[in-house]
Amino acid sequence: MDKTSILREMNRAMDEVLVDAAASLMRRKLAKARDKGRGGWWNPAECTVGALREAMARHVEKGDPVDVANFAAMVAVREILETPDYTSTSEPTHNAQEER
C-alpha cells in the first residue's frame, strides 16, 4: 500500500468517525428538545422550511454547531421531501433571495 492509498483510507475512516460522532451529538440535542416539547420540524403544517432556515441562522449567531447541524439536517430532509421527483442524484436548490 502506498502513501496516497493510506492517506485516502485514513480520510475515509475519519469521515466515518466524524459522521458517527456528530450523529451522536445531534441525537442528544434532539432528545433534550423533545423533552422540552419541541418537535414537528418534519410537518409543513407546523413548521416551514423558511422557519427552519431562520432558526438555523439564529443558532449560527449563537455559536452552537450541534444545533446548526440539526437545523441544517432538518432543512435538507424537508427540501428532499418537498422536491417533486427527487432522486438521490438530484440536489434540492435554494435561492436565498426568494425568502427575503
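## K29 in helix α1

At 27% relative accessibility, K29 counts as partly exposed, because its value lies between the 20% under which a residue is called buried and the 50% over which a residue is called exposed. The model in which this value was computed is a predicted one, and K29 has its place there in helix α1. When neighbours within four places in sequence are left aside, K29 is in contact with D64, V66, D67 and N70. For one of these contacts, that with V66, the separation along the sequence is 37 residues, while the distance in space from C-alpha to C-alpha is 7.4 Å.

## Overall fold

The chain contains three helices and zero strands, and the order of elements read along the sequence is therefore α-α-α, counted as runs from the N terminus. Buried residues account for 21% of the 100 residues in the chain, and the accessible surface of the chain amounts to about 7,800 Å², with 56% of that area belonging to carbon and sulfur atoms. Among contacts in the chain between residues at least 6 apart in sequence, 56% connect residues that are at least 24 apart.

## Helix α1 and its surface patch

Helix α1 runs over residues 3-35 and has 33 residues. From its first C-alpha to its last, this helix reaches 48 Å, which is close to the 48 Å expected at 1.5 Å a residue. Just after α1, the residue G37 takes a positive phi of about 90°.

Helix α1 also includes I6, which counts as partly exposed because its relative accessibility is 38%. Together with M1, L7 and M10, I6 makes a nonpolar surface patch of about 450 Å².

## The salt bridge between K29 and D64

Side chains of opposite charge can pair when their charged atoms come close. The structure holds five salt bridges, and one of them is formed by K29 with D64, whose closest N and O atoms are 2.5 Å apart. This pair links distant parts of the chain, since K29 belongs to helix α1 whereas D64 belongs to the loop between α2 and α3, with the two positions 35 residues apart in sequence. The side chains of K29 and D64 are also joined by a polar contact at 2.5 Å.

The loop that holds D64 lies between α2, residues 49-62, and α3, residues 65-82. In addition to its pairing with K29, the side chain of D64 reaches the backbone nitrogen of D67 at a distance of 3.2 Å. When residues up to four places away in sequence are not counted, D64 touches K29 and H59.

## D67 and the shared network

K29 forms a salt bridge with D67 as well, and here the closest N and O atoms are 3.4 Å apart. This pair, too, links distant parts of the chain, with K29 in helix α1 and D67 in helix α3, 38 residues apart. D67 counts as buried because its relative accessible area is 16%, whereas K29 counts as partly exposed because its relative accessibility is 27%. Leaving aside neighbours within four places in sequence, D67 is in contact with K29 and H59, and H59 is also among the residues that D64 touches.

## R53 and E79, and the network as a whole

The side chains of R53 and E79 meet in a salt bridge, with a distance of 2.5 Å from N to O. R53 lies in helix α2 and E79 in helix α3, so this pair ties together parts of the chain that are 26 residues apart in sequence. Both of these residues, R53 and E79, are buried. Elsewhere, salt bridges that share partners join K29, D64 and D67 into one network.

Notes:
Residues numbered from 1 in each chain as written. Predicted model: local features only at pLDDT ≥ 70, side-chain atom pairs only at ≥ 80, totals over all residues. Heavy atoms only, no water. Helix = DSSP H or I, 4+ residues; strand = E, 2+ residues; numbered from the N terminus. Expected span 1.5 Å × (residues − 1). Polar contact = N/O pair within 3.5 Å; in protein donor to acceptor, adjacent residues only side chain to side chain. Contact = heavy atoms within 4.5 Å. Patch = residues over 30% accessible without salt bridge, like charges linked within 9 Å, V, L, I, M, F, W, Y side chains within 5 Å. Areas by Shrake-Rupley, 256 points an atom, 1.4 Å probe, with all protein chains shown as cover. Salt bridge = Lys/Arg side-chain N within 4 Å of Asp/Glu carboxyl O. Buried < 20%, exposed > 50% of the residue type's maximum accessible area, 1.4 Å probe, protein only.
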